[in-house]
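Q: Please take a close look at one residue of this model and at the surface patch to which it may be related. Please then set that part beside the nonpolar interior.

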Amino acid sequence: MRTGGLSRAQARPTLVAAPLLALLLQLLARPASAAAPETTPPPSAELPAPTSFAAIDRPSDGGGAVLLTWKDPPGLPADAAIQIRRAVPPAYEWADIATVKPGVQRYEETTAKDGVVYRYEIRATAATLAGPPVVSDPVASRDNWFAANRTNSFIATALFLAILLVSIAMAKSGKNIFIRRIAGLNAIDEAIGRATEVGKKVLYIPGIQSMDEIQTIASISILSHVARVTARYGADLDVPNKDPLTFVSAREVVRSAYLAEGRPDLYREEMVNYVTYDQFAYTAAVSARMTREKPAAIFLIGYFFAESLILAETGQSTGAIQIAGQADPTQLPFFVATCDYTLIGEELYAASAYLTREPILLGSMRAQDIAKAIVILLGILGIILTSFGLVSYPNLFKTQ
């Protein structure tokens, strides 16, 4: 039955379209400020390139190295690395040199050959990404004749040489150079005089090392003075030796000392004798000689090892005046505990200058003392300046 209105079929599209029209009107009525929030842009398919890349010959070296420097690009992922490659123009066949982590920004390439021109390439890499390469200018390594980073050492060496030459010239000119009195050396004449009075031997042990040891050389210099004093006083001298070269040197020194004192008639070949090359066989033989002959004065000057306490203790038990000299700190406590006088460290080396008054030796000692004083003053000055906040002062003394 038809009426004046619409049929049910005709009214259905109007009922469906009404909600859609209302939703469209709501969207159009929303303000513009309610736009969708910003999102992180998708990652780039390529890493950024390092900047300020430079390849230069490593300064102040002996050649065979190229220094690479650069600045890392920002925004590198956590697993990124800097790849370094090298090529020889004009072929440009790039070969991998190294891979370093970001933050290093410096690499010393030490496989370069002097005179060969290279070009270097770096780029940022990650697991699946790689940045554009950055290529350096051509560079070649070479030997630098002057190490600028050691200028302070050069100045110190030149200053010391100047002080040394001036000191030697002053000593040769006859100027009196003061040397502090060393108790052990001052007691030499006293010990030999005592041996002369009681009519007993002077036993001199020049260590157990050969003549390639500086302490043995210093001991032989002191032996020369001891031999001259025994020749002057007429005391009997006994010099047992372990090393053949030391034995020959000691014999010549003693013979020359007796000739210099005008007493060649008192010199006997058996004064300087060879015992054995075995360390403890020599120690046993010399200790037995001490016990049998009971010398009045014993000199233990030179390089000693484990036998030092055995010899010194045996000599102490005989009641002799003992004068020892040793630069090795491991044996010094034994000599200090058992001997009357001990030359410690540099006193052993200064003994020859102290006894002979040779101008070159005196000048050398004076130069060393002045150099030590300068070092001490510079150290005190550094403490003062650093205390006031001048922390750059210690950098003046750094060397590579």
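A: Leucine 378 is found in helix 10, where helices are DSSP runs of H or I with at least four residues, numbered from the N terminus. The model is predicted, so local features need pLDDT of at least 70 and side-chain atom pairs count only at pLDDT 80 or more, whereas totals for chains, interfaces and linings use all residues. Residues are numbered from 1 along each chain as its sequence is written, and side-chain values use heavy atoms, without hydrogens and water.

Leucine 378 counts as partly exposed because its relative accessibility is 34%, between the limits for buried (under 20%) and exposed (over 50%) with a 1.4 Å probe and protein chains only. Together with Leu159, Ile374, Leu381, Leu396 and Phe397, Leu378 forms a nonpolar patch on the surface, with about 510 Å² of accessible area. Such a patch joins nonpolar side chains (Val, Leu, Ile, Met, Phe, Trp, Tyr) within 5 Å, from residues with over 30% relative accessible area and no salt bridge, that is, no Lys or Arg side-chain nitrogen within 4 Å of an Asp or Glu carboxyl oxygen. Areas follow the Shrake-Rupley method with a 1.4 Å probe. Helix 10 (residues 359–387) supplies the largest share of the patch, three residues.

As for the interior, the largest nonpolar core has 47 residues, and Leu237 and Phe299 are among those with the most contacts inside it. A core is a set of buried Ala, Val, Leu, Ile, Met, Phe, Trp, Tyr and Cys residues joined through side-chain atoms within 4.5 Å. Its largest share, eight residues, comes from helix 4 (residues 214–233).

How values were computed: Patch = residues over 30% accessible without salt bridge, like charges linked within 9 Å, V, L, I, M, F, W, Y side chains within 5 Å. Helix = DSSP H or I, 4+ residues; strand = E, 2+ residues; numbered from the N terminus.
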